[in-house]
2 protein chains.
Amino acid sequence: MNIDMIEAAAERLQGRARRTPLLSSPFLDEIAGRRVFVKAECLQHTGSFKFRGGWSAVSALDSQTRMRGILAFSSGNHAQGVARAAQLHGVPAVIVMPQDAPHLKIENTRAMGAEVVLYDRAGGEDRHAIGTALAEERGLTLIKPYDEPQVIAGQGTTGLEIAAQAADEGVETGQVLVCCGGGGLTSGIALALEARAPGLRPRPVEPEGFDDVARSLRSGGIERNNAVTGSICDAILTDAPGRLTFPILQRLCGPGLVVSDDDCLRAMAAAFLRLKIVIEPGGAAALAAALYHPDAIEGDAVIAVATGGNVDAPMFIRALDAYGDGA
Amino acid sequence: MNIDMIEAAAERLQGRARRTPLLSSPFLDEIAGRRVFVKAECLQHTGSFKFRGGWSAVSALDSQTRMRGILAFSSGNHAQGVARAAQLHGVPAVIVMPQDAPHLKIENTRAMGAEVVLYDRAGGEDRHAIGTALAEERGLTLIKPYDEPQVIAGQGTTGLEIAAQAADEGVETGQVLVCCGGGGLTSGIALALEARAPGLRPRPVEPEGFDDVARSLRSGGIERNNAVTGSICDAILTDAPGRLTFPILQRLCGPGLVVSDDDCLRAMAAAFLRLKIVIEPGGAAALAAALYHPDAIEGDAVIAVATGGNVDAPMFIRALDAYGDGA
């Protein structure tokens with residue numbers, strides 16, 4: 001993995017992915033006690049940064065391989081990112097999803113032309129066995145959600161944009177907070193910033209009780225979570241950092257930050273009130289850290305990546321009911 | 001009013017206003033039966049396009065006049081746009097607001113450093129008398145919400161961006177739907193499109209029962225509404241088109257479109273689900289027309305301006321409760 005791969009991905013994404021805006025509000029600056037900038041990846045195609053990695057990986061395949069089709073495992077945003085990238089390339093996609101995934105995410109993935117194969121996670125069905133059988137039978141290429149170089153390269157294009165947009169705002173030093181699951185986005189951003197904005201230091205942000213990356217960074221080895229359900233931040237509940245991503249995180253990131261589910265709901269409401277964007281709980285973790293854990297952060301400015309906005313209405317209403325009065 | 005004034009305003013706004021994104025979603029295209037693009041002015045500073053006109057007008061004053069301060073009448077978005085522009089220029093602003101204006105809008109205007117003078121609209125207090133007395137006493141300059149050349153020029157910069165962004169999307173002909181109150185934004189966009197994208201035809205969109213602009217365009221003379229309250233679209237409930245704006249609308253716009261409050265709630269939910277942006281009822285009128293009145297529109301593509309996002313949580317919850325399941 002290196003900056004050249006990210007630059008090459010940026011060329012393939014040109015005119016395909018959106019250059020999402022870097023938003024701000026004096027009200028958020030006041031809460032945080034420093035300037036706060038939000039990279040609004042919820043406005044990306046398919047509602048999350050995952051479209052970048054999906055497009056990057058699908059477009060990097062040779063055309064014969066690509067024509068045979070794509071396979072992915074995902075309960076959510078990666079599913080939609082890959083499905084849409086395959087659809088726009090005119091190639092088939094099979095997405096293996098747990099049958100208890102959010103209904104809207106399943107429907108969206110189908111609406112993007114993918115064949116959705118459901119499996120029973122509670123009943124012990126093995127998604128890898130299902131996927132491997134399908135891939136062999138049909139010659140599909142598996143696109144992993146984070147431990148895959150072209151996916152990391154695609155997510156890293158977010159970092160190229162942050163570097164340029166921060167410079168436009170006069171921000172040369174500070175911390176870049178990234179909602180972190182397996183570390184694909186965080187490591188991609190870290191590589192981009194190392195090359196293009198070395199004064200900006202990335203830091204992963206995770207939900208309480210699912211802080212495998214923070215613990216791994218402390219211990220120096222890959223640490224795992226005990227569970228991958230039990231927080232509303234479904235998008236970033238990953239078992240452990242990846243074998244490709246972890247060494248990059250270790251080399252380039254500051255210590256991990258941890259936020260509560262309640263912090264995330266509060267940040268969702270703040271983004272609604274002050275930025276007019278919709279963020280899902282897992283996509284609000286970085287902003288939550290910026291706003292409600294200011295003492296854990298250094299510098300005059302902080303950049304938080306709002307990674308996705310694929311939230312069901314009842315969860316959004318829960319955030320507004322609790323914090324929509326601006327308190 | 002001409003394109004040169006809009007270009008000059010664009011120069012003054014450079015690096016100050018955001019170039020808001022032109023968003024889209026295959027799901028919205030499917031609802032409308034044509035390509036739908038949304039100019040997301042809810043992401044503008046202060047949460048609406050009004051910052052453009054506010055900055056344009058404040059920055060166009062000679063510095064001695066500006067230093068004495070600014071006066072505006074407004075219950076909402078113009079108040080915030082002017083207050084923020086004055087704050088960033090370091091000059092005083094007095095905003096005369098009805099005491100029954102939304103609490104959040106009053107608080108935001110105060111938080112942007114303005115002195116808010118409340119008056120009792122029900123009790124018959126005359127805001128013009130209050131404002132005129134203050135302006136004379138302190139030497140303040142009044143910035144009108146729409147019938148003011150530098151305000152129209154500022155709003156018109158939205159049209160310059162639409163022209164360029166539509167060209168990037170390969171859209172050269174089609175209709176541009178604009179949520180319309182007094183016509184400042186619509187006339188500014190119309191002038192910009194006339195010069196930069198003559199294949200794009202602007203059309204004003206208004207709430208049922210408050211369609212003064214549509215009726216005025218039909219009759220050829222300025223028609224008034226019977227009331228300026230009674231719809232949830234508070235941002236665009238204006239008495240009548242302006243003396244400056246109406247001739248421009250008459251020369252350049254297609255027929256007006258009318259939407260119901262319920263259409264607007266439904267469009268707010270669609271924007272939440274598909275675009276991940278927050279729109280207020282009056283800012284959703286154009287998207288509502290694009291999605292739910294497709295037979296009244298012509299062309300393969302339509303552009304809807306989402307003019308603002310300053311909505312209280314309870315109203316947003318109302319939209320999600322009714323239409324947040326994607327129906």
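Begin in chain B by selecting strand β3 (residues 70-73) together with β6(B), which run parallel and are joined by two bridges; keep in mind throughout that the model on the screen is predicted. Within this pair, pick out B:Leu71, whose bridge partner in β6(B) is B:Leu142. Now add helix α5 (residues 77-89) of chain B, which packs on the sheet and touches β3 and β4 of chain B, and look along both axes, since the direction of α5(B) makes about 165 degrees with that of β4(B).

Widen the selection next to the whole sheet of chain B, an open one of four strands in the order β5-β4-β3-β6, with parallel pairing. Its edge strands are β5 and β6 (141-142) of chain B, each of which pairs on one side only.

From there, move to strand β4 (residues 93-98) of chain B and its neighbour, strand β5 (residues 115-119) of chain B: the two run parallel, and five bridges join them. A convenient place to centre the view is B:Val94, which stands opposite B:Glu115 in β5(B). To follow the connection between these strands, trace the chain from β4(B) through helix α6 (residues 103-111) of chain B and on to β5(B), a β-α-β crossover that is right-handed.

With α6(B) still displayed, turn to the contact between the chains, to which chain B and chain A contribute 21 residues each. On the side of chain B that touches chain A, the elements giving two or more residues are α6 and α14 (313-323) of chain B, so labelled in the viewer they are worth colouring apart from the rest. The largest share of that side, four residues, comes from α14(B). If you colour the same side of chain B by residue class, you will find 14 nonpolar, four polar and three charged residues.

Now hide chain B and bring up chain A as a whole, where there are 14 helices and 10 strands. The radius of gyration of chain A is 18 Å, close to the 20 Å that the globule rule gives for 327 residues, and chain A is therefore as compact as a globular protein of that length. Drawn along the principal axes, a box of roughly 55 × 40 × 40 Å is filled by the C-alpha atoms of this chain. Of the 327 residues in chain A, 58% are buried, and among its contacts with a separation of 6 or more, 75% are accounted for by residues 24 or more positions apart.

For a closer view inside chain A, select strand β4 (residues 93-98), which is mostly covered, with five of its six residues buried. On one pairing, four bridges join strand β3 (residues 70-73) of chain A to β4(A), and the two run parallel; here A:Ile70 stands opposite A:Ala93 in β4(A). Adding helix α5 (residues 77-89) of chain A completes a right-handed β-α-β unit made of β3(A), α5(A) and β4(A).

Which strand pairs with β4(A) over five bridges? It is strand β5 (residues 115-119) of chain A, and the pairing is in the parallel sense. Zoom in on A:Val94, whose bridge partner in β5(A) is A:Glu115. As a last step, trace the chain from β4(A) through helix α6 (residues 103-111) of chain A to β5(A), where the β-α-β crossover is right-handed.

Methods. Residues are numbered from 1 along each chain as its sequence is written. Chains are lettered from A and ligands numbered from 1 in the order in which they are written. This is a predicted model: local features need pLDDT of at least 70, side-chain atom pairs count only at pLDDT 80 or more; totals for chains, interfaces and linings use all residues. Two strands pair if DSSP finds at least two bridges between them. A crossover is right-handed if, with the strands pointing away from the viewer, the path from the first strand over the helix to the second runs clockwise. Two residues are in contact if their C-beta atoms, placed from the backbone, lie within 7 Å. Ala, Val, Leu, Ile, Met, Phe, Trp, Tyr, Cys and Pro count as nonpolar, Asp, Glu, Lys and Arg as charged, and the others, Gly among them, as polar. Axes are lines fitted to C-alpha atoms, for helices over the stretch in contact, and angles run from 0 to 180 degrees between N-to-C directions. The radius of gyration is taken over C-alpha atoms; the globule rule is 2.2 Å times the number of residues to the power 0.38. A residue is buried if 20 or more other C-beta atoms lie within 10 Å of its own, exposed if 12 or fewer, and partly exposed in between; C-beta atoms are placed from the backbone.
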